[in-house]
Amino acid sequence: MSSWSHLKHPRQLYCRVANTFVPAIVTITTLTAAILIRGAISPIHLLLAILLGTATLYRALRPRTVYLVDYVCFTPSPNSRYPKATLLEHAHLSPWLDDSSVRFIDRVLQRSGMSEETHVPPLFLNVEPSCRLYEARAEAELVVFSMIDELLVKTCIDVLAIDILITNCTVFCPVPCITDSIMNRYKLRRDIRVINLSGMGCSAGVTAAGLARNMLRVMPRGSNALVVSTETTGPCYYWGNNHSMKLVNILFRMGGAAKLLSNSEAKARFRFEHVVRTIMAANNSAYRCVYQQEDEKGNLGTALSKDLMAIAGDTLKMNIAATARLVLPLSEIFKFFRFSVGKKVLYWKRMAPYIPNFHFAFEHFCIHVGGPAVIDSIQHGLNLSNKDVEPSRMTLHRFGNQSTASVWYQLAYIEAKGRLKEGNRVWMIGFGAGYECSTAGWVCIRPSSSVDGPWASCIHRYPVDVSKKN
C-alpha cells in the first residue's frame with residue numbers, strides 16, 4: 001500500500017503535508033536564520049543543516065508506531081449456557097444421527113477440556129438447530145453490536161474519529177456484509193476504509209489486527225482503526241454423520257472481540273510490536289486440512305484432516321523461525337542458526353532439536369484454543385510451563401473454542417489475574433485454514449486497573465484442574 005494512496009480527502013491531505021513537511025521546514029529555516037545572524041556560512045554549517053533536515057524528514061516519513069487503545073470480549077448471557085449433557089441429549093434425540101456419531105460426540109466431549117458453562121446462540125438450544133439467514137444475522141449482530149457498544153463506552157471515542165473498520169468472520173458472509181451493518185448501525189463516515197475478511201479460520205483475528213497495523217503505519221497521526229473478530233456458529237452447523245466434519249458442532253462456541261487501534265499513543269494500553277504470517281496453502285495437504293465441503297449425502301460442513309496436527313506443527317516451526325529473528329537476543333539466534341546449519345548442511349541427524357527460549361522475548365503466551373491436544377503440542381514444542389499455557393486451558397474450559405477471538409479472552413484472563421505488568425510482552429499465536437499460522441507481539445504500556453469483561457464474575461474460581469474429565 002502506497003504511503004500516499006489514501007490522500008483523497010482534503011483534511012487527510014492537510015494532516016499528511018503538515019506532519020511530513022512542516023517540521024522539516026521549521027527546522028531548516030531556524031538553522032538557516034541562526035547561521036545568517038552569525039554572518040557566516042561555513043561547510044560545517046551547511047552539512048549540519050542537511051543532516052538535521054534529512055533526520056527530520058526521515059522521522060516524519062517513517063512508518064508510525066501502532067498502539068492498542070483498548071479491547072473488549074463478548075460476555076454471553078447465562079440463558080445461552082450449553083451443558084455437555086444437553087448436546088449429548090440432543091444427539092440421542094436427533095433422527096439424523098446414527099449410533100456411531102452419538103458415541104463419537106460423547107468421546108470428544110469427555111476429552112474436550114470444556115466445562116458445563118460454555119455458550120451457544122439460542123437456536124442451538126433446539127434439538128434440531130435449523131439456521132436460516134435471519135438467525136445467523138441475529139447471532140452476528142448480537143455479538144458484534146454489544147461489543148462495539150461496550151468498546152465505545154470504554155474508550156470514549158467518537159464514532160466519527162474511526163478511520164478504518166475491519167471485520168473477520170469465517171463462514172457467515174451475508175449481503176450486505178458485516179462491516180456494512182456496522183456502518184449502518186453507528187452511522188460511520190462515508191470515507192472510512194472498510195475491509196471484511198472471511199474464509200480464513202481461527203487465525204483471522206490476529207491477521208485482521210496485523211492488517212490494521214499496516215494501514216495505520218502510513219496514515220496521518222491520530223488515525224484510529226476498529227477491528228471486530230467473531231465467528232457465527234449457526235451457519236457452521238453440520239447435519240451429517242462424517243466424524244471429521246462433526247468436530248465443529250461439538251467444539252465451537254459463541255464469542256467475539258472488538259479492538260481499537262491507533263497510531264497515537266494517547267490513552268493507549270499496548271504497543272503493537274510485530275506480526276508474522278506463515279501460509280502453507282501452496283501445499284495440497286495443508287490446503288485441504290481444514291476444508292469446507294459436502295459429504296456423500298450433500299450435507300455441507302468443514303472437514304478436519306487427520307494430518308492437521310502435523311501440518312500445524314510444521315507451520316508453527318516456520319513461523320517460529322521468522323519470529324525468532326525479530327524478538328530473540330543474539331545468543332539465542334546464534335544457537336538456533338547453529339542447529340539449522342548442522343541439521344540441513346552438515347546432516348547431523350542425531351543432533352537434538354534446539355528449541356529457542358522465547359521467555360527471553362515474552363512474559364505471557366496466548367495460544368489458540370483448538371483443543372487440549374493443540375495446547376499440549378504447542379506447550380511441548382515451545383518448551384512452555386503449565387503456567388504459561390494456563391490462560392489457554394482456562395479459556396477453553398470456560399468458553400470453549402471461540403475461533404478468532406480466543407486469544408483476546410486469554411489476554412483478558414491474564415489481566416483479570418493481575419499478572420500483566422507495565423513493560424510485559426505478550427505473544428499471540430493463532431492457527432487457521434489455508435493452512436496458516438499468524439502470530440503477533442504486544443508490549444503492555446498501561447495495565448488494567450480493574451477486573452472487568454468476561455472473567456469478572458468467575459475469575460476467583462480459576463485456575464481449575466482440567467486433567468480430570470469434566
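**Group meeting: a first walk through a predicted model**

I begin with Met183, which is found in helix 6; helices (H or I, at least four residues) and strands (E, at least two) are DSSP runs, numbered from the N terminus. Before going further, I should say that this is a predicted model, in which local features need pLDDT of at least 70, side-chain atom pairs count only at pLDDT 80 or more, and totals for chains, interfaces and linings use all residues. Residues are numbered from 1 along each chain as its sequence is written, and side-chain values use heavy atoms, with hydrogens and water left out.

Let us stay with Met183. Leaving aside neighbours within four places in sequence, Met183 is in contact (heavy atoms within 4.5 Å) with Leu165, Leu188, Arg189, Ile192 and Val194. Its C-alpha atom is separated by 9.7 Å from that of Val159, a residue 24 places away along the chain.

Now to the protein chain as a whole. It has 14 helices and 11 strands. Of its 470 residues, 51% count as buried; buried means under 20% relative accessible area, exposed over 50%, and partly exposed in between, with a 1.4 Å probe and protein chains only. Among the contacts with a separation of 6 or more, 79% come from residues 24 or more positions apart.

I return to helix 6 and its partner. Helix 5 (residues 133-155) and helix 6 (residues 178-186) pack at an angle of about 50°, and their axes are 11 Å apart. Axes here are lines fitted to C-alpha atoms, for helices over the stretch in contact, and angles run from 0 to 180 degrees between N-to-C directions. How do helix 5 and helix 6 lie to each other? They are oblique, since angles under 35 degrees count as roughly parallel, over 145 as roughly antiparallel, 65 to 115 as roughly perpendicular and the rest as oblique. The crossing of the two helices is right-handed, meaning that the near helix is turned clockwise from the far one by less than a right angle, whereas anticlockwise would be left-handed. Helix 5 contributes Val144, Phe145, Ile148, Asp149 and Leu152 to the contact, and helix 6 contributes Ile178, Ser181, Ile182, Arg185 and Tyr186. These residues divide into seven nonpolar, one polar and two charged; Ala, Val, Leu, Ile, Met, Phe, Trp, Tyr, Cys and Pro count as nonpolar, Asp, Glu, Lys and Arg as charged, and the others, Gly among them, as polar.

A second helix pair may be set beside this one. Helix 3 (residues 84-93) and helix 4 (residues 99-111) pack at an angle of about 170°, with axes 9 Å apart, and are therefore roughly antiparallel to each other. Lys84, Leu87, Leu88, Ala91 and His92 of helix 3 meet Val102, Ile105, Asp106 and Leu109 of helix 4. That contact consists of six nonpolar, one polar and two charged residues.

I turn to the backbone. Most residues other than glycine have a negative phi, and most peptide bonds are trans. Cys156, in the loop between helix 5 and strand 2, has a positive phi near 60°. Is Cys156 buried or exposed? It is exposed, with a relative accessible area of 62%. Lys187, in the loop between helix 6 and strand 3 (193-197), has a positive phi near 55° and also counts as exposed, at 56% relative accessibility.

Which residues are joined by cis peptide bonds? One such bond joins Val175 and Pro176, with omega of about -5°, and Pro176 is placed in the loop between strand 2 (164-168) and helix 6. Another joins Gly434 and Tyr435, with omega of about 0°; Tyr435 lies in the loop between strand 10 (425-432) and strand 11 (436-444).

Tyr435 brings us to Thr278 in strand 6 (residues 270-279). Not counting residues up to four places away in sequence, Thr278 touches Thr315, Met318, Asn319, Tyr435, Glu436 and Cys437. Thr278 is buried, at a relative accessible area of 7%.

My last element is helix 13 (residues 390-399). Why is helix 13 described as largely enclosed by the rest of the structure? The reason is that 10 of its 10 residues are buried. Those buried residues pack against strand 9 (364-367), helix 12 (372-382) and helix 14 (406-416). Just after helix 13, Gly400 takes a positive phi of about 75°.
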